[in-house]
Amino acid sequence: MQLLSPACRIAPASAFFSGPLTVDVLRLDEVHPVVSGNKGFKLKKYLEAAGGAGKSTLLTFGGAFSNHLVATAAAAQVQGLQSIGVVRGEEPAQLSHTLRAAASYGMSLHFVSRAGYRQKTIPPSVYEQHDPESIYPIPEGGYGALGAQGAADILRRPETVAYTHVVTAVGSGTTLAGLVSAAAPHLSVTGIPVLKNAFSLHTEINRLLPAHKQDDFALQWDYHCGGYAKYTGGLLRFMNAFYERTGIPTDFVYTGKAFFAAYDLVRKNYFPAGSRLLLVHTGGLQGNRSLKKGSLIYG
Ligand SMILES: *Cc1c(COP(=O)(O)O)cnc(C)c1O
């Protein structure tokens, strides 16, 4: 099974937006059933580096709802590698859907206290089960130069030349940094942070950018809907309406907020007339399983 399928649809979404501009969606959610969206792009260079160093086990960090964790587990399985997940917080009585999925791809889960997690310490239980020499660590969220290099490939396709603006959801900022690195000079990149008060984000993104691309992006801070994985009735209504008009499903943690932001920014004339917007669908649809049944009109 291939990690990244070369084909990727660009779907029209202008019908949903009013104003003298065009809007399309880059459907990265369709590139792989599990390693969906931006995650395969961010992992690609880490996997190559692990292979080059002869490492047989990927180790990474995440919370109970981390798309990165489950993507790493699935990618490891595809590549014939072992995987270890260091999970924030005590082991719950019942594992989240995401953690169960990660375990089903063979990931061994090790729970650490929130304080220990903050330090990104590797718990001793890991070394009881795995040879330290075999382990290749990947930072939380795939944040780092290799993650951004992989994400840059998202824009390295000829169809993207036609656009003037790119909009994406932002967690760690690794994907945004990749987009900025690869963006042609006429292309503006706008990121929508889904975390509240993530004040260090701008600096962390700059750290992944070459000197001539420093600050060459905008962050719009008002669309987190209360914070990470929080949502409002208005957000869910938007996601349903967007699906009804475009046939494109979004998730409530990332892409719903990013696309709502694009919609609101269009309404406020943030993008000049004649702009050609490309919304990056970064995937994450399996996260919707933690919503109450019936909240969304799509599965
Ligand atoms: C992880 C994730 C993001 C955030 O990507 P970063 O590179 O960490 O900013 C955005 N959208 C979806 C669906 C994700 O799963």
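**Briefing: aromatic contacts, pockets and backbone**

Both Phe16 and Phe238 are buried. This is a predicted model. Phe16 and Phe238 also pair with each other, edge-to-face. The largest pocket has a volume of about 1,100 Å³, and the second largest holds about 530 Å³. Two residues other than glycine, Lys120 and Cys225, have a positive phi.

**Aromatic pairs around Phe16**

- The whole structure contains 17 aromatic pairs.
- In the pair of Phe16 and Phe238, the ring centres are 5.5 Å apart and the planes stand at 85 degrees.
- Phe16 sits in the loop between strand E1 (10-12) and strand E2 (22-27), and Phe238 sits in helix H9 (residues 233-246), so their pair ties together parts 222 residues apart in sequence.
- Phe16 also pairs with Tyr263: the centres are 5.1 Å apart and the planes meet at 55 degrees, so this pair is tilted.
- That second pair again links distant parts of the chain, with Phe16 in the loop between E1 and E2 and Tyr263 in helix H10 (residues 255-267), 247 residues apart.
- Burial differs across the pair of Phe16 and Tyr263, because Phe16 has a relative accessible area of 13% and is buried, whereas Tyr263 has 24% and is partly exposed.
- Ring pairs join Phe16, Phe17, Tyr223, Phe238, Phe242, Phe259, Phe260 and Tyr263 into a cluster.

**Charges over rings**

- Lys39 lies over the face of Tyr254, at 5.6 Å from the ring centre.
- Tyr254 is also among the residues nearest the centre of the largest pocket.
- Arg88 lies over the face of Tyr117, and the distance to the ring centre is 5.4 Å.

**Largest pocket**

- Its lining has 43 residues, and Glu140, Ser172, Leu195, Tyr228 and Tyr254 lie nearest the centre.
- By class, the lining has 17 nonpolar, 18 polar and eight charged residues.
- Several elements each supply at least two lining residues: helix H1 (39-52), strand E3 (57-62), helix H2 (67-79), helix H4 (114-118), strand E7 (165-170), helix H7 (174-182) and helix H8 (201-207).
- H2 gives the most, with four residues.

**Second largest pocket**

- This pocket is lined by 25 residues, with Leu285, Gln286, Asn288, Arg289 and Gly299 nearest its centre.
- Helix H3 (residues 97-104) supplies the largest share of the lining, three residues.
- The lining has ten nonpolar, eleven polar and four charged residues.

**A buried acid**

- Asp29 is in the loop between E2 and H1.
- Its relative accessible area is 11%, so Asp29 counts as buried.
- The side chains of Asp29 and Arg27 make a polar contact of 2.8 Å.

**Positive phi**

- Most residues other than glycine have a negative phi.
- Lys120 has a positive phi, near 55 degrees.
- Lys120 lies in the loop between H4 and helix H5 (124-129).
- With a relative accessible area of 30%, Lys120 is partly exposed.
- Cys225 has a positive phi of about 55 degrees.
- Cys225 belongs to the loop between strand E9 (218-219) and H9.
- Cys225 is partly exposed, at 23% relative accessibility.

Notes:
Residues are numbered from 1 along each chain as its sequence is written. This is a predicted model: local features need pLDDT of at least 70, side-chain atom pairs count only at pLDDT 80 or more; totals for chains, interfaces and linings use all residues. Side-chain values use heavy atoms; hydrogens and water are left out. On a 1 Å grid over the protein atoms alone, a cavity is a set of points where a 1.4 Å probe fits but cannot get out, and a pocket is an open set with protein on both sides within 12 Å along at least five of seven lines; lining residues have an atom within 4 Å of a point. Grid points are joined across faces, edges and corners, and a volume is the space filled by probe spheres set on the points. Ala, Val, Leu, Ile, Met, Phe, Trp, Tyr, Cys and Pro count as nonpolar, Asp, Glu, Lys and Arg as charged, and the others, Gly among them, as polar. Rings of Phe, Tyr and Trp (its six-membered ring) pair if their centres lie within 6.5 Å; planes under 30 degrees apart count as stacked, over 60 as edge-to-face and the rest as tilted. Buried means under 20% relative accessible area, exposed over 50%, partly exposed in between (1.4 Å probe, protein chains only). A charge sits over a ring if NZ of Lys or CZ of Arg is within 6 Å of the ring centre and within 35 degrees of the ring normal. A polar contact is a pair of N or O atoms within 3.5 Å; within protein, one must be able to donate a hydrogen and the other to accept it, and residues adjacent in sequence count only if both atoms are side-chain atoms.
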